[in-house]
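Here are a few exercises to work through with the coordinates open. Try each task before you read its solution.

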Amino acid sequence: MKRQYTFIFLLLSLLLGMPSCSKFLEEDPRDSLDEDTAYETLQELFQNGVLSLYNHIGGYNDSQGLQGTGRGVYDLNTFTTDEAIMPTRGADWFDGGFWQGLYLHRWGVNNDAIHDTWEYLYGVIILCNKSLKKIQSYAEKHPDEDTRIYAAEVRALRAMFYYYTMDLFGNIPLLLSSDLHVSDIEQQKRSQTFRFIFDELQDAVPFLSKERSNQPGIYYGRITQPVAYFLLAKLALNAEIYADDLWTDSDKPDGKQLFFDIDGNQLNAWETVQYYCRQITSAGYRLEADYTLNFAIFNESSQENIFVIPMDKTLYTNQFIYLFRSRHYNHAKAYGLGGENGSSATLEVLETFGYDTPDTDSRFDFCYFAGPVKDLDGNPILLDDEQTPLVYEPWQVSLDLSGTAYEQTAGARMKKYEVDKTALKDGKLINNDIVLFRYADVLLMQSEAKVRNGEDGNTELNEIRNRAGASPRTATLENLLAERQLELAWEGWRRQDMIRFGTFTRPYSFRPQVENETSGFTTVFPIPQKILGMNKAMKQNPGYE
């Protein structure tokens, strides 16, 4: 039970009460601490300069947090893909065309959610810079005390936020100081930021703990070596994308020709992925025999989860809205919770899972509600007439359901996390930790890297398929992209995967290509126009000029 270990995150949530730092390059982002006394001892430095930063991985408001909230990192990575759709249902879910715009790749340069996500990511980066300045100042005043582990952890955390920012926005400013003025910033090529992130993580690893981050204790929810290894593997896996500074010219680097220094050896991108995946395996991570344990109400015992957002409905304000916004109102009411009758699986998802066929992948029932819906006691859930059973109709989903017979019931709905029937705030405050990184992805990365390097990736792929009770498949790129959908549904990886496999800009159900999309310009989001207006030296990403 996580209540035995509340001290670490009580520090995070109660000591500081830090704001979201929602203005890009705010010159002096303040918290409630007395700047003259908050960093006087090593313990205060640790609490206020390191632990405080973890308040910002989860979130309570839109566009805040890496997962759990709406209109932020997760939604930009999910509802822009063939994985999920937010259908317009009459008066519900049009929201000024926002959700349709994401799905159709018509988001524009003045999109508030994209701007707010930029602000969030850079807000945390600036706070990391501020902490590093405090750590350096403390080290200069106390040369006999070792602060290297604190600096390494903050650098690794900052690198992770740069990873998300670079992945979304491509050519971004690289800010290494909290004292910069807006006019002082310089926009870097994506390849330069990519190498910076990789080097920062490599430099930090020797000083990071080897402990598990997903399990309660002093390192619960923090960056440790396995978390850094996962990020290094993910960076190398996407090296062909991140090393490409002109992604609209249909030419990209070859991963076999992109090299990284690993313990004095020059390994290509695919060999580098495999190296860091093996490091995670050697640390003792493994697949859970029961897939659903990773997403259970109390999932801290998972041997598969690597990095999570710790959740406790009575201690933390981090929200998880994805189940809430997907369930039909009556479905949610039957659980004693709330619902918004929104997000659904696409037709492509149904086809990949083999839904409604004798060969439906077993993971479909773990990840989606479809067909007749029952309450937690197994009783049928009824519509408002209290006679008609609620039946989700997966094949009837479309971009705009308004006025159709399936306006309220079309679409397979999110199920992945076990329902916490004691959840608070309509089901948005739960005890299931939010899974960010897990070992199944490590095996899929390793398999893919082997295939891209001309090797056999069957073992890793079929270890995952065996857990699901699925028949073996040959590890090809086509099969691996499908397997990533099957295994990682709703986990926020689909946009990155589609870009890497070259399928993000293709047309799919209800989504024609936008003009000139074959160039690949939509594979990154535009630099928000408000940000460009603050510094005329910054340039818009190609295709959005």
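Let's fix one term before starting: a residue is buried under 20% relative accessible area, exposed over 50%, and partly exposed in between, with a 1.4 Å probe and protein chains only. The model is predicted, so local features need pLDDT of at least 70 and side-chain atom pairs count only at pLDDT 80 or more, while totals for chains, interfaces and linings use all residues. Residues are numbered from 1 along each chain as its sequence is written, and side-chain values use heavy atoms, with hydrogens and water left out.

**Exercise 1. The whole chain**

Task: work out how many helices and strands the chain has, and what its radius of gyration says about the fold.

Solution. Start with the secondary structure, where helices (H or I, at least four residues) and strands (E, at least two) are DSSP runs numbered from the N terminus. That gives 19 helices and 10 strands. Next, take the radius of gyration over C-alpha atoms and set it against the globule rule, 2.2 Å times the number of residues to the power 0.38. The chain comes out at 23 Å, close to the 24 Å that the rule gives for 545 residues, so it is as compact as a globular protein of that length. The C-alpha trace spans about 75 × 50 × 50 Å along its principal axes.

Now for burial and contacts. Of the 545 residues, 63% count as buried. With contact meaning heavy atoms within 4.5 Å, 70% of the contacts with a separation of 6 or more are between residues 24 or more positions apart. Finally, run Shrake-Rupley with a 1.4 Å probe (for residues, only the protein chains shown count as cover). The accessible surface is about 20500 Å², and 48% of that belongs to carbon and sulfur atoms.

**Exercise 2. A buried charge**

Task: find where Arg-89 sits, and which backbone oxygens lie by its side chain.

Solution. First, locate Arg-89: it is in the loop between strand S1 (84-85) and helix H4 (98-104). Second, look for a charged partner, counting Lys and Arg as positive and Asp and Glu as negative, with His and the chain ends not counted. A salt bridge needs a side-chain nitrogen of Lys or Arg within 4 Å of a carboxyl oxygen of Asp or Glu. Arg-89 is buried yet has none; the nearest side chain of opposite charge, Asp-92, is 7.2 Å away. Third, check the backbone: polar atoms of the Arg-89 side chain lie 3.1 Å from the backbone oxygen of Asn-341 and 3.0 Å from that of Glu-407. Beyond four places in sequence, Arg-89 touches residues including Gly-342, Tyr-406 and Arg-413.

**Exercise 3. Positive phi**

Task: for Trp-93 and Trp-490, say what phi is near and whether each residue is buried or exposed.

Solution. Trp-93 is in the loop between S1 and H4, and its phi is near 75°, a positive value in a residue other than glycine. Trp-93 is buried, at 11% relative accessible area. Trp-490 is in the loop between H17 and helix H18 (494-500). Its phi is near 70°, again positive in a non-glycine residue, and Trp-490 is buried at 3%.

**Exercise 4. Helix H16 and its salt bridges**

Task: list what the buried residues of H16 pack against, then follow the salt bridge of Arg-467.

Solution. Begin with the helix itself: the buried residues of H16 (residues 458-467) include Glu-460, Arg-465 and Arg-467. The buried set packs against helix H14 (363-367), strand S10 (434-438), helix H15 (439-452) and helix H17 (477-488). After H16 comes Gly-469, with a positive phi near 75°.

Now the charges. Arg-467 forms a salt bridge with Glu-487, the closest N and O atoms being 2.9 Å apart. Arg-467 lies in H16 and Glu-487 in H17, so the pair ties together parts that are 20 residues apart in sequence. Both of these residues are buried. Salt bridges that share partners join them into one network whose members include Glu-304, Asp-361, Lys-416 and Glu-491.

Last step: pick out another bridge, Glu-491 to Lys-416 (2.8 Å, N to O). Glu-491 is in the loop between H17 and H18 and Lys-416 in the loop between strand S9 (413-414) and S10, so this pair links parts 75 residues apart in sequence. Glu-491 and Lys-416 are both buried. The whole structure has 33 salt bridges.

Methods. A polar contact is a pair of N or O atoms within 3.5 Å; within protein, one must be able to donate a hydrogen and the other to accept it, and residues adjacent in sequence count only if both atoms are side-chain atoms.
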